[in-house]
Amino acid sequence: MSENRPPDPLARLGEEIDKARAERVRRQPVVGDRSAMQQGLGLGVRIGIELVVAIVVSTGLGWAIDRWFGTRPWGMIVLFFLGVAAGMLNVYRAVTGVRGPVGYRSSDAGTTAPKGQWDDEDC
Amino acid sequence: MAIEIRPLEQFTVERLIPLHIGGVDVSYTNAAFLMTIAVMLVTALIMLGTRKHALIPGRWQSLAEMSYEFVADMVESNVGHAGQQFFPFVFTLFMFILFANFLGMVPYSFAVTGQIVVTFALAAVVFIGVTIVGIVRHGFHFLRLFVPQGVPAVLLILLVPIELLSYCIRPFTLSIRLFANILAGHTMLAIFAGFAASIGLFGIFPLGINILLVALEVLVAALQAYVFVILTCLYLSDAINLH
C-alpha cells in the first residue's frame, strides 16, 4: 500500500507472517485443494448450460431469419447445426483450457501469476 | 385446508412508485429497490473498510481487502497485467452480483438476479464493452478472433460462422446461466416450503430438505457470481491478448 519501502520492523513482521503462513500450509496440506475445488465447481456449473443455450439461441436466430427473409426451413436448419457446432466448441474450449483463455492460442496469458503472488506491495 | 402453492409468485415485479415518462414505464419497482440496497451495501462495505487505513486490518477492513484481493487475483491470473485497468469494472460487477444474490436469499426479499432483464443487461454490458475494448485495442485486426489459424481456406467457410456464432452466443449463456440458477433454486425452495406447510406433521421432512437447500443456494449464490465474473475475465482476455 505504501509507496516507499517499509521500515525495518515492518519487514521483520512480514517475514514472520510469511513464516507462519508457510507453517500453516505445511501443517494442513488440504488447504491447497480449495482453489482447485473452486475452479472445478465453477467449470462444472459453466459448461452445463453452454451447449443447450447455444443450440436454442442459434435455432431461434435461424427461425427469425426465416421469418424476415422468407427462406422457410433453411435458415433454421443451417443455424441449428451451426449452433450445435458452436456449443460443442464452447464446451470443448471450456474443458481443455480451464485456466487458459477461451481462444485458440497456446496458453501464454493463462499461466502467469501463481497463487499467493499478491502482497501488499503489489496493490 | 389445502394451501395453494405458487412458487413463481416470488418473482413478480411490483411497482412501488408508479412513474411514466413520455409513455415509457419507468416505475420504481421492488427489483429496483433491491438493487439500490445492494449498491448501498457494497458502497457501505468498501467505505467502512477503507475508512481507517489500519496496518492491521479490523473486521470490515479485512472483508474489504479480501474481496479486493480475490478479484484482483482473478483479473491478474486470467487477463494478465494489462487487465488491471479493467479491475474497477470487474470488481463492481462481482460485488453487485454477489450482493444481489445474497440479498435474494433473505426471506421475503426479492431475487433480482432471477430476472432475465437484469442478468441480460449485465451480460450485454460485458459483451458490448469487451467488443469495444477489442476493436479499440486491435482495430480491424480484432476480426482475426473469428479466423482460426492454421486451417485450410476451404474449412474457413464453415469455421468462421461457427466462431462468429459462438462469440455472439456469449451474452446469452452468460445471462441465462445466472438467471436460470437463481430462478430454479428459489422456485425449488418455495416448492419444498409449500410441501412443508401443506402436509402437517410430516412437513418436517421437506423442511429438513429445505434447510439443506438453503445451504446449497448460498453456495450457488456465491458460485454464480464467481462464474459470471471469471467469464467476464476470460472474454476480456480474449479481447486484450489477441493472437
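**Note on the two-chain model**

1. Helix α6(B) has 29 residues, and its first and last C-alpha atoms lie 42 Å apart, close to the 42 Å expected at 1.5 Å a residue. The helix is followed by B:Gly200, whose phi is positive, near 65 degrees. The coordinates are those of a predicted model.

2. Chain A contains three helices and zero strands, in the order α-α-α from the N terminus. Of its 123 residues, 18% are buried. Among contacts in chain A with a separation of 6 or more, 53% join residues 24 or more positions apart.

3. Chain B has seven helices and four strands. Read from the N terminus, its elements are β-β-β-β-α-α-α-α-α-α-α, with the strands preceding the helices. Along the principal axes, the C-alpha atoms of chain B fill a box of roughly 70 × 55 × 45 Å. Buried residues account for 35% of the 243 residues in this chain. Of the chain B contacts with a separation of 6 or more, 64% are between residues 24 or more positions apart.

4. The contact of the two chains involves 26 residues from chain A and 29 residues from chain B. On the chain B side, α2 (59-79), α5 (153-168), α6 (170-198) and α7 (204-240) each supply at least two residues. The largest share, seven residues, comes from α7(B). By class, the side of chain B that touches chain A is made up of 15 nonpolar, nine polar and five charged residues.

5. In chain B, the axes of α1 (residues 30-49) and α2 come within 8 Å and cross at roughly 115 degrees. The crossing of α1(B) past α2(B) is left-handed. From α1(B), the residues involved are B:Leu45, B:Ile46, B:Leu48 and B:Gly49, which meet B:Trp60, B:Gln61, B:Leu63, B:Ala64 and B:Glu65 of α2(B). The residues of this contact divide into six nonpolar, two polar and one charged.

6. Helix α2(B) has 21 residues and reaches 30 Å from first to last C-alpha, close to the 30 Å expected at 1.5 Å a residue. Its buried residues are B:Ala64, B:Val71, B:Met74, B:Val75, B:Glu76, B:Ser77, B:Asn78 and B:Val79. They pack against α1, α3 (87-105) and α7 of chain B. Charged and polar residues are on this buried list as well, including B:Glu76, B:Ser77 and B:Asn78. Just after the helix, B:Gly80 takes a positive phi of about 95 degrees.

7. The largest nonpolar core has 62 residues, and those with the most contacts inside it are B:Phe94, B:Val229 and B:Cys233. Helix α7(B) gives the largest share of this core, 15 residues. That helix also gives the largest share of the side of chain B that touches chain A. Apart from neighbours within four places in sequence, B:Val229 is in contact with B:Met74, B:Val90, B:Leu93 and B:Phe94. Of these partners, B:Met74 is among the buried residues of α2(B). As a general point, nonpolar side chains in soluble globular proteins tend to be buried together.

8. B:Ser237 lies in helix α7 of chain B. This serine counts as buried because 24 other C-beta atoms lie within 10 Å, against a cut-off of 20 or more. B:Gly194 is 43 residues away along the chain, and its C-alpha is separated from that of B:Ser237 by 45 Å.

9. B:Gly104 is placed in helix α3 of chain B. It counts as buried because it has 21 C-beta neighbours inside 10 Å, where the cut-off is again 20 or more. Not counting residues up to four places away in sequence, B:Gly104 touches B:Ser109, B:Phe110, B:Ala111, B:Val112, B:Thr113, B:Gly114, B:Ile182 and B:His186. B:Gly104 and B:Cys168, 64 residues apart in sequence, are 29 Å apart in space, C-alpha to C-alpha.

Definitions and conventions. Residues are numbered from 1 along each chain as its sequence is written. Chains are lettered from A and ligands numbered from 1 in the order in which they are written. This is a predicted model: local features need pLDDT of at least 70, side-chain atom pairs count only at pLDDT 80 or more; totals for chains, interfaces and linings use all residues. Two residues are in contact if their C-beta atoms, placed from the backbone, lie within 7 Å. A residue is buried if 20 or more other C-beta atoms lie within 10 Å of its own, exposed if 12 or fewer, and partly exposed in between; C-beta atoms are placed from the backbone. Axes are lines fitted to C-alpha atoms, for helices over the stretch in contact, and angles run from 0 to 180 degrees between N-to-C directions. A crossing is left-handed if the near helix is turned anticlockwise from the far one by less than a right angle, and right-handed if clockwise. The expected span of a helix is 1.5 Å times one less than its number of residues. A nonpolar core is a set of buried Ala, Val, Leu, Ile, Met, Phe, Trp, Tyr and Cys residues joined through C-beta atoms within 7 Å.
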